[in-house]
Amino acid sequence: MSAPLLAITDLTVVHDGDAGTRALLDAVSLDLAQGEVLGLVGESGSGKSLLCRSLVRLLPSSRLRIAGGSVKLAGHELTDAPESVMLKVRGGEIGMIFQNPTSHLDPVMRIGDQVAEGIRFHQGLDARAARAAATDVLAQVGFSDPARQYDSYPHEFSGGMRQRAMIAAALSCDPKILIADEPTTALDVTIQAQILRLLMDIRAKRGLSVILITHDLGIVAQVCDRIAVMRHGRVVEVGEKRGLLAAPSHAYTRSLIASHPSLPEEEAAPKAEKLQMPGAVPVVDIEKLHVRFASGGLFKRSSVNAVDGVTLRVMPGETVGIVGESGSGKSTLARAVLGLTPVSSGAIRFDGNDITSGRAALATLRRETAMVFQDPFNALNPRMTIGQMLAEVLRVQGKIESARIPARCGELLDLVGLGREFLDRKPRSMSGGQCQRAGIARALAVDPKLIIADECVAALDVTIQAQIVELFRGLAERMSLTLIFIAHDLAIVRNLCQRVVVMHRGAIVEEGRSEDVFSRPRHAYTAALVAAVPHIDPDKPLLAPPKMATAYAHAAAN
Amino acid sequence: MHRYKFVLYRPLQFLPVLFGISIITFILVRLIPGDPARVLLGTRATPEAIARIREQYGLDEPFLVQYLYFLRNLADGEMGRSILYKIDVLKLILTRIEPTLMLVLCSVVLSVLIAVPVAAVAARNQGRFADQAIRVISTFGIGFPPFWLGLMLIILFSVKLDIFPVSGYGNTLPEKLTHLFLPSLTISLSLSTVLARSLRAAMVEALRSDVATAARARGMPESIVFWRHVLPNSLVPTVNLLAVNIGWLIGGTVVVETVFALPGMGQLLVRAIFSRDYMVVQGVAMVFACATVLINFLADIATVALDPRVKL
């Protein structure tokens, strides 16, 4: 094997805190060969982003420092190189793209200028030459009309196009290495597939080496050559992807793989079908629901159909998944069901009563439904302990006498698998998964007929996601909970829900038993969604025939 | 360019605002205790003379009628006659508007010239000596009242060093600017500290932002990161703060104009209040109110120009 392009040896980064020095990266050693794609996986806090920041010496805090080890780029040491050399390395040798293109692009600077900025500085071109070069790069990353789009601002583009712009900025100075830090996490699956394909195209054309940070083993399996698994600041396992995925040697790698919610094949065990009583009243009965939002200014009014003629029934004890890309109207539908957004036309019956009929019906609805939110941390009051929060809900509900409240709080924690000591904890001393469990306990405190969970695992690490999904599954079976589970992650919905509803542009395009919908999609849009999910098996290529999926993705992007 | 369309139709919204301002200033001015006719004629005036003056100026009419007269005159471009100066209030104000306008303009320019570099130095040296020193000095700047600060500046620069004139207003532009320097500095010393604090906070935030990280990851040196990414992203909140402060400043010129004997609107207002010159007080109050509306309009235009995301 020839000398690696990038050699990291025993790299150690420490945090100088008030309580002493703590190692955040502990003797990390990794190699990256010319033209190789290295996948870096691990949970949040495992140090994967920090590792990449350390390579170019952009540490996120002044309290962090590189305490030892070496980083050699084509034989040149970077850890003690002068800042003037690092300026040339950043962008010129090592380009970076980030998870959230919206926050990383300058909102008040034209897209093209942000791409040209690096070209002007690194290659010393004048304004006109840099503009021409930047326009060329924009065309390479898939801008259809780069000469005109050069002058647009980031907010005028969709998330996928913003990520393309960021890739253009990173590639503008022809780096040898591209570090992509969760580049598709904020994007819809079909857009994610496009961005991944773009990265692979560029790598093939330019012979680029790529370090791809992700929490999604499916992405790694699809696009990487080698995988490095990180945990607690250490690399626990490195290897060629097929070998590593097929025979992981480290226990942590095994649990990561086990947690990955791949779409199972036909042999998946059928979920327990609940017998429906003939004549049972549906918990939620939605009929020809329209929700329109007014948009535009004082003089030019128009309206957007967020929900466009949706008819849906949820029977008691059912677990229904709603999937669709951002903007498909799934959250609006949930908000309408909870009476949180005005309905333009159609009817929503909760337990047989029309919730649009008046305040009384709405009050009943609010007493008997609960919601679990996407951001577990921000959905909890930071000043209250979990015990206070649960007790407050129980007191307001008034369903049980006050003497029983402390005991009930304990029971609720048992239900969601949190120890009793959490009664006295506040959200800031809890992890994301624990916060989400507390949020579910709060939803259960209402003793609800219906729980709506809106993207409630999207912000969590995969292993935690798997735990929360398992918790929901257990609760649904034991308590015959009625659950509407909204998610953009098809695999999770398939694992949890008996029935699934696919939404696209405010309308339901397909609906049916989860197994049927995902293994034999009838609608082209569902097929595109399913095909865009990166499979953990490297031999199931992502979007083999890309035509159908991209057609839909383009429609969605515009 | 459609983002600037509000420049055309926003002035329509000013009409009801101005109408409201006219009602409020009209009522407020008449709530001032004391009788202008008595002030004009002195304490020994006969009741007949007072009645004649009251009739001549319409002061004997009911409130509503007085207000209607006021509106009709306003439509003709008149704001009534000053009791003290015996000329039309609008003409009177026009003779006094220039020094005040110049004072506000110079103060704002000077404040921005002080605030931007000061905030930049503080933000880029966050927590270090320069930042702490600027924080201490700016606390003094906010703490000292302008009337005292003005007097101290006069003693230092005019009496001891003899660089700038003590008071008054010149005839030619360079003369005017030299006369305006100390009053503007007095105002700027407090205004710039308010601006610098807001700007520093926004810059500290922007220096840590993802935008700055991304620019550094492209290999941009810290100076480009700062001037091309951090500064433009920090300006918007400060522009709005500046607009609020200019509105407050226009009223605040009263003190500074008095200290430096500038023949501006502030001075006119003080004299008018003491002599119960209703029409002048009312006119000046209206001009101040209109100026505030106009400044906020300009701030909106500036915000749209600075931030391409903003639609009004």
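In chain B, 69% of the contacts with a separation of 6 or more come from residues 24 or more positions apart. I should say at once that this is a predicted model. Chain B has 312 residues, and 36% of them count as buried. Its C-alpha atoms fill a box of roughly 85 × 55 × 35 Å along the principal axes.

As for secondary structure, chain B contains twelve helices and zero strands. Read along the sequence, the pattern is therefore α-α-α-α-α-α-α-α-α-α-α-α.

Let me begin with a pair of helices in this chain. Helix α5 of chain B covers residues 89-124, and its axis comes within 5 Å of the axis of α8(B). The two axes cross at roughly 35 degrees, and the crossing of α5(B) and α8(B) is right-handed. Which classes of residue make up the contact of α5(B) with α8(B)? By class, there are 23 nonpolar, five polar and two charged residues.

I turn next to a single residue, Gly141(B). Gly141(B) belongs to helix α6 of chain B, which runs over residues 129-143. Is Gly141(B) buried or exposed? The cut-off for a buried residue is 20 or more other C-beta atoms within 10 Å. Gly141(B) has 20 C-beta neighbours inside 10 Å, and therefore counts as buried. Leaving aside residues up to four places away in sequence, Gly141(B) touches Leu189(B), Ser190(B) and Thr193(B). Of these partners, Leu189(B) is 48 residues away along the chain, yet the C-alpha atoms of Gly141(B) and Leu189(B) are separated by 5.7 Å.

The following helix to consider is α7 of chain B, residues 146-160. Its 15 residues should span 21 Å at 1.5 Å a residue, and because the end C-alpha atoms are 20 Å apart, the expected and modelled values agree. There is nevertheless a kink of about 25 degrees in α7(B), centred on Ile154(B). Ile154(B) is also one of the buried residues of this helix, the others being Leu149(B), Gly150(B) and Leu153(B). A general point helps in reading such a list. An α-helix has 3.6 residues a turn, so residues three or four places apart point the same way. What covers the buried residues of α7(B)? The cover includes α8, residues 173-207, and α10 of chain B. Just after α7(B), Asp162(B) takes a positive phi of about 55 degrees.

Further along chain B is helix α11, residues 265-274. Its buried residues are Met265(B), Gly266(B), Gln267(B), Leu268(B), Leu269(B) and Ala272(B). They pack against α5, α10 and α12 of chain B, the last of these spanning residues 278-306. Just after α11(B), Arg276(B) has a positive phi of about 50 degrees.

We now come to the interface between the chains. How many residues of chain B are in contact with chain A? There are 18 residues of chain B in contact with 22 residues of chain A. On the side of chain B that touches chain A, α9 (210-217) and α10 (222-259) each supply at least two residues. The most is given by α9(B), with six residues. By class, this side of chain B has nine nonpolar, four polar and five charged residues.

Finally, some places in chain A. Helix α7 of chain A, residues 159-171, has 13 residues and reaches 18 Å from its first C-alpha to its last, close to the 18 Å expected at 1.5 Å a residue. Why can α7(A) be described as largely enclosed by the rest of the structure? The reason is that twelve of its 13 residues are buried. Among them are Gly160(A), Arg162(A), Arg164(A) and Leu171(A).

Two residues of chain A other than glycine have a positive phi that I wish to mention. For Lys288(A), phi is near 40 degrees; this residue lies in strand β11, residues 284-295. Lys288(A) is exposed, because 11 other C-beta atoms lie within 10 Å and the cut-off for an exposed residue is 12 or fewer. For Asp351(A), phi is near 55 degrees. Asp351(A) is placed in the loop between β14 (345-350) and β15 (353-354) of chain A. With 18 C-beta neighbours inside 10 Å, Asp351(A) counts as partly exposed.

Definitions and conventions. Residues numbered from 1 in each chain as written. Chains lettered and ligands numbered in written order. Predicted model: local features only at pLDDT ≥ 70, side-chain atom pairs only at ≥ 80, totals over all residues. Contact = placed C-beta atoms within 7 Å. Helix = DSSP H or I, 4+ residues; strand = E, 2+ residues; numbered from the N terminus. Nonpolar A, V, L, I, M, F, W, Y, C, P; charged D, E, K, R; others polar. Expected span 1.5 Å × (residues − 1). Bend = angle between axes of the 7 residues up to and from the residue. Axes fitted to C-alpha atoms, helices over the stretch in contact; angles between N-to-C directions. Left-handed = near helix turned anticlockwise from the far one by under 90°.
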